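Me: I should like a close look at a single part of this structure, namely its open sheet. Please describe how the strands are arranged and paired, and then place that part within the chain.

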Amino acid sequence: YAQDNWKAGNKLTVDYGDKGKHVYRAGYALLEDINVRHNGQNTGTGPVRLLAVFMGADGLKMTVPSAN
């Protein structure tokens with residue numbers, strides 16, 4: 001089991017495909033979805049700063065690339 005915790009600065013839009021999009025603005029904290037394909041993009045006017053913290057266990061993959 002692996003998940004990642006993100007802290008966003010400026011404006012980050014995460015596209016979850018048929019599940020929709022979510023916009024995170026400066027100062028937001030979020031727990032990113034696991035087992036859901038998604039793509040995050042900087043949709044603001046300045047840089048996005050992220051602090052990613054990965055939690056898991058020995059032998060587990062932290063990320064899995066999309067087949068597409």
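Reply: In this predicted model, three strands make up an open sheet in the order E3-E2-E5, and their pairing is antiparallel. Strand E3, residues 21-25, and strand E5, residues 39-42, are the edge strands, each of which pairs on one side only. Averaged over the sheet and with direction ignored, neighbouring strands are turned by 20 degrees against each other. In general, the strands of a sheet pair through backbone hydrogen bonds, in either a parallel or an antiparallel manner.

The two pairings may be taken in turn. E2 and E3 are joined in the antiparallel sense over 5 bridges. Within this pairing, Leu-12 has Tyr-24 of E3 as its bridge partner. E2 and E3 also form a hairpin with 5 residues between the strands, and there Gly-17 adopts a positive phi near 65 degrees. On the E5 side, strand E2, which covers residues 11-15, is connected to E5 by 4 bridges, and these two strands run antiparallel. Two partners can be named for this pairing: Asn-42 in E5 is the bridge partner of Leu-12, and Asn-39 in E5 stands opposite Asp-15. Leu-12 therefore has a bridge partner in E3, Tyr-24, as well as one in E5, Asn-42, in keeping with the general rule that strands of a sheet pair through backbone hydrogen bonds.

Thr-13 offers a residue-level view of strand E2, in which it is found. Its relative accessibility is 13%, so Thr-13 counts as buried, the limit being under 20%. Apart from neighbours within four places in sequence, Thr-13 is in contact with Lys-21, His-22, Val-23, Asn-39, Gly-40, Gln-41 and Thr-43. Between Thr-13 and Arg-25, the C-alpha to C-alpha distance is 8.7 Å, with 12 residues separating them in sequence.

A further residue to consider is Val-48, located in the loop between E5 and E6. The C-alpha atoms of Val-48 and Lys-11 are 6.5 Å apart in space, although the two residues are 37 apart in sequence. Val-48 has a relative accessible area of 23% and is partly exposed, because this value lies between the limits of 20% and 50%.

Beyond that loop, strand E6 spans residues 53-55 and includes Val-53. With 37% relative accessibility, Val-53 is classed as partly exposed. Val-53 also belongs to a nonpolar surface patch together with Leu-31, Leu-51 and Met-55, and the four have about 360 Å² of accessible area together. Membership of such a patch requires over 30% relative accessible area, and the 37% of Val-53 is consistent with this.

The chain as a whole gives the setting for these details. Its secondary structure consists of 6 strands and 0 helices, following the pattern β-β-β-β-β-β along the sequence. Of its 68 residues, 18% count as buried, and Thr-13 is one of the buried residues. The accessible surface of the chain amounts to about 5,100 Å², with carbon and sulfur atoms contributing 52%. Among contacts with a separation of 6 or more, 59% are between residues 24 or more positions apart.

Conventions. Residues are numbered from 1 along each chain as its sequence is written. This is a predicted model: local features need pLDDT of at least 70, side-chain atom pairs count only at pLDDT 80 or more; totals for chains, interfaces and linings use all residues. Side-chain values use heavy atoms; hydrogens and water are left out. Patches are made of residues with over 30% relative accessible area and no salt bridge: like charges are joined within 9 Å, nonpolar side chains (Val, Leu, Ile, Met, Phe, Trp, Tyr) within 5 Å. Accessible areas come from the Shrake-Rupley method with a 1.4 Å probe; for residues, only the protein chains shown count as cover. A salt bridge is a side-chain nitrogen of Lys or Arg within 4 Å of a carboxyl oxygen of Asp or Glu. Buried means under 20% relative accessible area, exposed over 50%, partly exposed in between (1.4 Å probe, protein chains only). Two strands pair if DSSP finds at least two bridges between them. Axes are lines fitted to C-alpha atoms, for helices over the stretch in contact, and angles run from 0 to 180 degrees between N-to-C directions. Contact means heavy atoms within 4.5 Å.
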